[in-house]
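Hi everyone, thanks for making time for this. I'd like to walk you through one structure today, moving from single residues to the chain as a whole. Here it is on the screen.

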Amino acid sequence: MPESSSQPSRPRSGSRRDEAARLAVLHAADDLLVEHGFGALTIEAIARRAGVAKQTIYRWWPSKVEILLDTLIEDSDKRLPVPAGKPTAESIRDYLRGFARFLTGDPAGKVLLALIAQAQHDPGTAESFHQRYLRPRRDQERDLLARAVDAGEISPRLDPDATIDALVGPLVYCALTGAGIPGDLVDTLVEDLLMPRPR
């Protein structure tokens, strides 16, 4: 079976999927990626670490990319939710600070960076990554900015998608290149891109 994804759709869960085994597979994939990197991650290794049969994994997921996407989606929803309450400039700033910590200090952040890297040369990974993770999160982030604009909290200088790219792009670049994210970078981005111009 191929290790990279060629199917953009979300894998279907069997009605008899054992939740404990499912979580064991997700945690195993997460841990092994951090320990050994994407290239060395195999279904066989995940099965051994999780204590499940390889055939069981293939019945639930078509590839290691889809396993990692499930891990990333679940961990992002728990540890890096897009603010859903009343939007403020400070809540956006806090979200971006959380994203910076997620990229540099959370195992799921390593999963995100690995999938970004893999998507550069695997069209199947890129399509699945966009459909299952990037697009839904982008929709939530775009809504957050729109609500903050309507509330008079921010005044972006760019259109919503360009604003999001300009806010998160430098953070992802720093993390991808192995550089630390400067402590004042988020503040600078928020001030330059979101705050109203002085009259």
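Let's start with Thr-71, which counts as buried because its relative accessibility is 4%, and buried means under 20%. Before I go on, please keep in mind that this is a predicted model. Thr-71 sits in helix α4, which covers residues 64-79. Who are its neighbours? Leaving aside residues up to four places away in sequence, Thr-71 touches Leu-26 and Asp-30. With Leu-26 there is a further detail: a polar atom of the Thr-71 side chain lies 3.4 Å from the backbone oxygen of Leu-26.

Now let me step back to the chain. How many helices and strands does the secondary structure come to? The count is nine helices and zero strands. Reading along the sequence, you get the pattern α-α-α-α-α-α-α-α-α. The chain has 199 residues, and buried residues make up 47% of them. As for contacts, take those between residues at least 6 apart in sequence: 69% of them join residues at least 24 apart.

Next, the aromatic rings. A pair of rings is described by how far apart the centres are and by the angle between the planes. Searching the whole structure turns up two aromatic pairs. One is Trp-60 with Trp-61: the ring centres are 5.7 Å apart and the planes stand at 75°, so this pair is edge-to-face. The cut-off for that label is an angle over 60 degrees. Are these two tryptophans buried or exposed? Trp-60 is buried, at 7% relative accessibility, and Trp-61 is buried too, with a relative accessible area of 0%.

The other pair is Phe-129 with Tyr-133, and here the planes are at 0° with the centres 5.9 Å apart, so the pair is stacked. Both residues belong to helix α7, where they are four residues apart, about one turn of the helix. Phe-129 and Tyr-133 are both buried.

While we are on helix α7, have a look at Asp-143, which is also found there. Asp-143 counts as partly exposed, because its relative accessibility is 41%. Which side chain does Asp-143 meet in a polar contact of 2.9 Å? That partner is the side chain of Arg-147. Asp-143 also gives us a distance along the chain to compare with one in space: Val-82 is 61 residues away from it in sequence, yet their C-alpha atoms are separated by 9.6 Å.

Ala-179 makes a similar example. You'll find Ala-179 in the loop between α8 and α9, the latter being residues 185-193. With a relative accessible area of 35%, Ala-179 is partly exposed. Ala-179 and Thr-104 are 75 residues apart in sequence, and the C-alpha to C-alpha distance between them is 9.3 Å.

On to the empty spaces. Rolling a probe the size of a water molecule over the atoms shows where space is left. The largest pocket has a volume of about 390 Å³. Its lining is made of 16 residues, and those nearest the centre are Leu-134, Arg-138, Asp-165, Val-168 and Val-172. Four elements give two or more residues to this lining: α5 (89-105), α6 (107-119), α7 (123-150) and α8 (160-176). Which of them gives the most to the lining of the largest pocket? That is α7, with seven residues. For those of you who think in chemistry, the pocket lining has nine nonpolar, two polar and five charged residues.

There is also a closed space. The search of the whole structure finds one cavity of 30 Å³ or more, and its volume is about 80 Å³. The residues lining this cavity are Ile-92, Tyr-95, Leu-96, Glu-141, Leu-144, Leu-145, Ile-164, Leu-167 and Val-168. Here the elements giving two or more residues are α5, α7 and α8. By class, the cavity lining comes to eight nonpolar, no polar and one charged residues. If you're following on the screen, Val-168 is worth finding: it is among the residues nearest the centre of the largest pocket, and it lines the largest cavity as well.

That's my tour, and I'm happy to go back to any part of it.

Notes:
Residues are numbered from 1 along each chain as its sequence is written. This is a predicted model: local features need pLDDT of at least 70, side-chain atom pairs count only at pLDDT 80 or more; totals for chains, interfaces and linings use all residues. Side-chain values use heavy atoms; hydrogens and water are left out. Buried means under 20% relative accessible area, exposed over 50%, partly exposed in between (1.4 Å probe, protein chains only). A polar contact is a pair of N or O atoms within 3.5 Å; within protein, one must be able to donate a hydrogen and the other to accept it, and residues adjacent in sequence count only if both atoms are side-chain atoms. Contact means heavy atoms within 4.5 Å. On a 1 Å grid over the protein atoms alone, a cavity is a set of points where a 1.4 Å probe fits but cannot get out, and a pocket is an open set with protein on both sides within 12 Å along at least five of seven lines; lining residues have an atom within 4 Å of a point. Grid points are joined across faces, edges and corners, and a volume is the space filled by probe spheres set on the points. Ala, Val, Leu, Ile, Met, Phe, Trp, Tyr, Cys and Pro count as nonpolar, Asp, Glu, Lys and Arg as charged, and the others, Gly among them, as polar. Rings of Phe, Tyr and Trp (its six-membered ring) pair if their centres lie within 6.5 Å; planes under 30 degrees apart count as stacked, over 60 as edge-to-face and the rest as tilted.
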